[in-house]
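Visitor: I would like to go through the charged side-chain pairs in this model. Please take them one by one.

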Amino acid sequence: MRQRPSRARCPQERKLRGSSGLPEYDRGNACPDHLATRRQLRDRAVSPGHDPVGILRCARGRNTPQWSCTPTHRGRALLYDLRLARPKRIPTLAQEWALDRAMAARQTCPKCKRRYVFCLPLRTLGCCLECHDGTPATPGTYTVPAGPAHHFAA
């Protein structure tokens, strides 16, 4: 019978809680309403605009309240103050156009000139799958080349 691999445990340093200078909050316990993680800030379409003001500890931290998790631990999250958050910057048309051109270079087959809705394996194959080995592409996954004018596909 095969043994199941052991689950990775939270890498905890023997560093006293709060020694980083930031207040730490346990997961599942009450946290002030004005603090949010990066993901919560992204959902509200704002950027932090400042340094973190607190740490949200991993779930294992409830069992060892005196110790702090390591800064590289994935279960730990930094908390930011919503009152200091700024609205996200809106890219200019020139920035969006530059991003579209960069994506077009990754999504366009150099042989058949079709632009796909996903990035092509240009480093390994050098072209799309249809040009490489004849695998038919679904018509909904690409746009037909339209000539000299550029049309946004993504």
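Guide: Let us start with one acidic residue. In this predicted model, Asp-100 has a relative accessibility of 7% and counts as buried.

Visitor: Which residue does Asp-100 meet in a salt bridge, and where is that residue?
Guide: Asp-100 lies in helix 2, residues 93-107. The pair links distant parts of the chain, the two residues being 15 apart, and the other one is in strand 9, residues 115-116. With N and O 3.2 Å from each other, the salt bridge partner is Arg-115.

Visitor: Is Arg-115 buried or exposed?
Guide: Buried means under 20% relative accessible area. Arg-115 has 6%, so it falls under that cut-off and is buried.

Visitor: Which residue forms a salt bridge with Arg-114?
Guide: Arg-114 sits in the loop between helix 2 and strand 9. Its partner is 16 residues away, in helix 3 (residues 129-133). The closest N and O atoms are 2.7 Å apart, and the partner is Glu-130.

Visitor: Why does Arg-114 count as buried and Glu-130 as partly exposed?
Guide: The buried class ends at 20% and the exposed class starts over 50%. Arg-114 is buried because its relative accessible area is 19%. Glu-130 falls in between, so it is partly exposed, at 30%.

Visitor: What is the relative accessibility of Arg-83, which forms a salt bridge with Asp-81?
Guide: The closest N and O atoms of Arg-83 and Asp-81 are 3.1 Å apart. Asp-81 counts as buried at 8%, whereas Arg-83 counts as exposed, at 61%.

Visitor: How many salt bridges does the structure hold?
Guide: Arg-83 with Asp-81 is one of them, and Asp-100 with Arg-115 is another. Arg-114 with Glu-130 also counts. The total is three.

Key. Residues are numbered from 1 along each chain as its sequence is written. This is a predicted model: local features need pLDDT of at least 70, side-chain atom pairs count only at pLDDT 80 or more; totals for chains, interfaces and linings use all residues. Side-chain values use heavy atoms; hydrogens and water are left out. A salt bridge is a side-chain nitrogen of Lys or Arg within 4 Å of a carboxyl oxygen of Asp or Glu. Buried means under 20% relative accessible area, exposed over 50%, partly exposed in between (1.4 Å probe, protein chains only). Helices (H or I, at least four residues) and strands (E, at least two) are DSSP runs, numbered from the N terminus.
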